[in-house]
Amino acid sequence: APLAVENFLTLAKEGYYDGVCFHRVMADFMIQGGDPTGTGRGGKSIYTDVAGNRGYFKDEFSDQLFNFRGALSMANSGSNTNGSQFLIVQASGLAPEQEQALKSAKTDSRAIAKYKAEGGTPWLDGKHTVFGQVFEGMEVVDAIAALSTDEDDRPLEEVTILSVTVESYTAQG
């Protein structure tokens, strides 16, 4: 997902996400942030439209990337409406009907096994671009997802991203 990765990294390096809250939290589903207005209706990408304004960018789907527990995916309001908002999948487990739907869709058996073992949101596959994965710190995601929320799934206690740091690593061989 090169567009999504470049968008997120560039925004992070610009400090775009610093001080931004998680405005939508749903236990055993996901946490969502990346909107500088904190309303769920704001944010734009690094990519410009024909008028030169920051706009949205297209979806990027792969048969190798899934919305497993800990996936970092683009939040959107429909096809090709990716901007700055993202979600982190928090769901655990896989309901039998979800497993059957994956089998009916001829999803790779290894992906089904991983969904069963770790959890995730398979219904977001092909709808939300996966561009990262949480490898450490899922306990923080779980704690945020467990917060009490209002009727709009907004946490009653504000959770703010202090800052995002981008580090580069080079392979040693």
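**Sheet, helix packing and aromatic contacts in the predicted model**

Y17 is buried, with a relative accessible area of 1%, where buried denotes under 20% relative accessible area, exposed over 50% and partly exposed the range in between (1.4 Å probe, protein chains only). The model is predicted, and local features are therefore reported at a pLDDT of at least 70 and side-chain atom pairs only at pLDDT 80 or more, whereas totals for chains, interfaces and linings use all residues. Residues are numbered from 1 along each chain as its sequence is written, and side-chain values use heavy atoms, with hydrogens and water left out.

The structure contains 11 aromatic pairs, a pair being two rings of Phe, Tyr or Trp (its six-membered ring) with centres within 6.5 Å, classed as stacked if the planes are under 30 degrees apart, edge-to-face if over 60 and tilted otherwise. The ring centres of Y16 and Y17 lie 5.6 Å apart and the planes stand at 85°, so this pair is edge-to-face. Ring pairs further connect F8, Y16, Y17, F22, F86 and F131 into a cluster.

Five strands make up an open sheet with the order β1-β2-β4-β3-β5 and antiparallel pairing; strands (E, at least two residues) and helices (H or I, at least four) are DSSP runs numbered from the N terminus, and two strands pair if DSSP finds at least two bridges between them. The edges are occupied by β1 (22-26) and β5 (130-133), each of which has a single partner strand, so that one side of each is left without a neighbour in the sheet. On average, and with direction ignored, neighbouring strands are turned by 20° against each other, angles running from 0 to 180 degrees between N-to-C directions and axes being lines fitted to C-alpha atoms, for helices over the stretch in contact. Helix α4 (residues 138-145) packs on this sheet and touches β1, β2 and β4, its direction making about 85° with that of β1.

Within the sheet, β2 (residues 30-33) is joined to the antiparallel β4 (residues 86-89) by four bridges, and G33 has F86 of β4 as its bridge partner. Three bridges join β3 to β4, with M74 opposite F86, and three bridges join β3 to β5, with S73 opposite V130. In a regular strand the side chains alternate between the two faces of the sheet. From β3 (residues 71-74), A71 and S73 point one way and L72 and M74 the other, and all are buried.

Helices α2 (residues 96-104) and α3 (residues 109-118) pack at an angle of about 170°, with axes 10 Å apart. That makes α2 roughly antiparallel to α3, a term applied to angles over 145 degrees, with under 35 counted as roughly parallel, 65 to 115 as roughly perpendicular and the rest as oblique. At this interface, E99, L102 and K103 in α2 meet I112, Y115 and K116 in α3, contact meaning heavy atoms within 4.5 Å.

Q90, in the loop between β4 and α2, counts as buried at 9% relative accessibility. Beyond its neighbours within four places in sequence, the contacts of Q90 include M26, D28, R69 and V141. D28, in the loop between β1 and β2, is partly exposed at 44% relative accessible area and has a positive phi near 55° without being a glycine. N80, in the loop between β3 and β4, likewise has a positive phi, of about 60°, and is not a glycine.
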